[in-house]
Amino acid sequence: MKVTVLDDYHDTVRTLDCFTRLEGHDVTIWNDHVQDVEPLAERLSDTEALVLIRERTKIRTPLLERLPKLRLISQRSVFPHIDIDTCTARGVVVCSNMHAGTPSYATAELTWGLVLAAMRQIPQQMASLRAGNWQIGVGHSVRHKTLGIYGYGRIGKAVAEYGRVFGMKVLVWAREEARARAAADGFAVASGKDAFFEACDVLSLHMRLVDPTRGIVAAQDLARMKPTALIVNTSRAGLIAPGALVDALRAGRPGMAAVDVFEEEPVRNSDHPLFAMPSVVCTPHIGYVSHEEYELQFADIFDQILAFDSGAPINVVNPDVLGR
């Protein structure tokens with residue numbers, strides 16, 4: 001099969017151990033990011049199996065209509081960036097392992113790294129040294145502070161466990177079923193959303209971005225946070241109402257933020273308002289970007305290609321296509 005991999009920014013895929021699974025297939029790897037339909041359609045004109053790295057490229061109807069040879073899209077995790085109905089109508093199988101039983105420890109680890117970096121001003125202190133200065137301020141310890149976990153799924157649970165090890169008081173707010181699981185795991189559950197935002201010294205978001213969660217963190221929620229509090233988002237930018245985080249930081253509640261996700265990615269504008277705020281730590285959506293995590297992800301992705309090629313596709317998210 002003619003296989004194309006998009007958005008492999010650092011040409012990492014071919015270095016993975018699992019890449020050998022595609023031996024015998026004609027593989028093309030693109031290292032830049034392109035979203036415009038015309039150049040994408042040209043690149044993918046002969047592609048039969050398309051490999052996506054999470055949500056880096058949107059696969060919408062105008063593009064799909066230009067790809068008559070496309071038979072398979074193989075990726076891992078959620079797929080809001082793919083027009084599934086159009087794929088089904090055009091006979092394109094979409095396979096995506098949702099890895100329901102395996103947390104992304106890479107994302108959980110980055111979340112915890114951002115917590116410590118922001119609380120102890122690590123990037124700011126490093127910038128001071130590079131500028132020829134010494135200490136620029138006094139940071140905060142996390143021990144005995146309240147860590148809020150908003151959304152108690154696989155990653156939220158892992159971050160909660162990190163917080164407990166660091167001596168934090170962990171407080172959870174989530175759907176009723178998730179709150180029950182958190183309580184069973186020994187974590188405190190907030191009495192309500194308002195009380196949750198008011199109590200947290202560090203608040204970390206861990207929800208999928210779907211219609212019910214879009215903008216679930218509103219301006220009035222952020223306004224309830226302490227002026228010394230930190231909000232961390234390694235999930236999706238759309239969980240926070242548009243513009244609300246920048247406005248809240250300017251108003252001083254919360255006092256700090258650490259973000260790995262943005263409304264439009266990749267961010268090429270160095271004038272982004274968050275980048276100019278000394279109380280904010282930003283990273284370029286690297287939560288899942290580690291060699292170990294890539295091995296897990298692409299092993300699934302390549303296995304889906306092999307299964308499709310053998311006539312027995314797995315992890316199909318549009319099963320109606322199989323009857324066509």
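# A walk through the model

Start with the whole chain in cartoon: the protein's secondary structure comes to 11 helices and 12 strands. Keep in mind that this is a predicted model. Zoom out and look along the principal axes, where the C-alpha trace spans about 55 × 50 × 35 Å. For 324 residues, a compact globule would have a radius of gyration near 20 Å, and the protein has 21 Å, which agrees. Colour by accessibility and 48% of the 324 residues count as buried. If you draw contacts between residues at least 6 apart in sequence, 62% of them join residues at least 24 apart.

**Stop 1: helix 6.** Select residues 154-165. These 12 residues should span 16 Å at 1.5 Å a residue, and the end C-alpha atoms sit 17 Å apart, so the helix agrees with expectation. Now show side chains: Gly 156, Ala 158, Val 159, Ala 160 and Gly 163 are buried in helix 6. What do the buried residues of helix 6 pack against? Bring up helix 4 (105-119), strand 6 (146-150) and strand 7 (169-173), and you have their partners. Just after helix 6, click on Gly 167, which has a positive phi, near 80°.

**Stop 2: Ala 190.** Move on to the loop between strand 8 (188-189) and helix 8 (193-199), where Ala 190 lies. Buried or exposed? Ala 190 has 9% relative accessibility, so it counts as buried. Leaving aside residues up to four places away in sequence, Ala 190 touches Leu 171, Val 172, Trp 173 and Phe 196. Add Ala 174 to the selection as well: its C-alpha is 9.1 Å from that of Ala 190, with the two positions 16 residues apart along the chain.

**Stop 3: the rings.** Select the aromatics next; the count comes to 10 aromatic pairs. Take Phe 262 and Phe 275, an edge-to-face pair with 5.9 Å centre to centre and 80° between the planes. Both sit in the loop between strand 11 (256-259) and strand 12 (280-282), 13 residues apart. Their surroundings differ in exposure: Phe 262 is buried at a relative accessible area of 10%, while Phe 275 is partly exposed at 37%.

Then go to Tyr 294 and Phe 298, whose ring centres are 5.4 Å apart; their planes meet at 65°, so this pair is edge-to-face too. They are 4 residues apart in helix 11 (residues 291-309), which separates them by about one helical turn. An α-helix has 3.6 residues a turn, so residues three or four places apart point the same way. Tyr 294 and Phe 298 are both buried. Add Phe 19 and Phe 302 to the view: ring pairs link them with Tyr 294 and Phe 298 into a cluster.

**Stop 4: charges over rings.** Show Arg 43 and Trp 30 as sticks; the charged end of Arg 43 sits over the Trp 30 ring, 3.8 Å from its centre. Arg 56 and Tyr 9 make another such arrangement, with the charged end of Arg 56 over the Tyr 9 ring at 4.0 Å from the centre.

**Last stop: the cysteines.** How many disulfides does a search of the whole structure find? The search finds 0. Select Cys 87, which is in no disulfide: the nearest cysteine sulfur belongs to Cys 95 and is 11 Å away. Cys 87 is buried, at 0% relative accessibility. Finish on Cys 282, which is partly exposed with a relative accessible area of 26%.

Methods:
Residues are numbered from 1 along each chain as its sequence is written. This is a predicted model: local features need pLDDT of at least 70, side-chain atom pairs count only at pLDDT 80 or more; totals for chains, interfaces and linings use all residues. Side-chain values use heavy atoms; hydrogens and water are left out. Rings of Phe, Tyr and Trp (its six-membered ring) pair if their centres lie within 6.5 Å; planes under 30 degrees apart count as stacked, over 60 as edge-to-face and the rest as tilted. Helices (H or I, at least four residues) and strands (E, at least two) are DSSP runs, numbered from the N terminus. Buried means under 20% relative accessible area, exposed over 50%, partly exposed in between (1.4 Å probe, protein chains only). A charge sits over a ring if NZ of Lys or CZ of Arg is within 6 Å of the ring centre and within 35 degrees of the ring normal. A disulfide is a pair of cysteine sulfur atoms within 2.5 Å. Contact means heavy atoms within 4.5 Å. The expected span of a helix is 1.5 Å times one less than its number of residues. The radius of gyration is taken over C-alpha atoms; the globule rule is 2.2 Å times the number of residues to the power 0.38.
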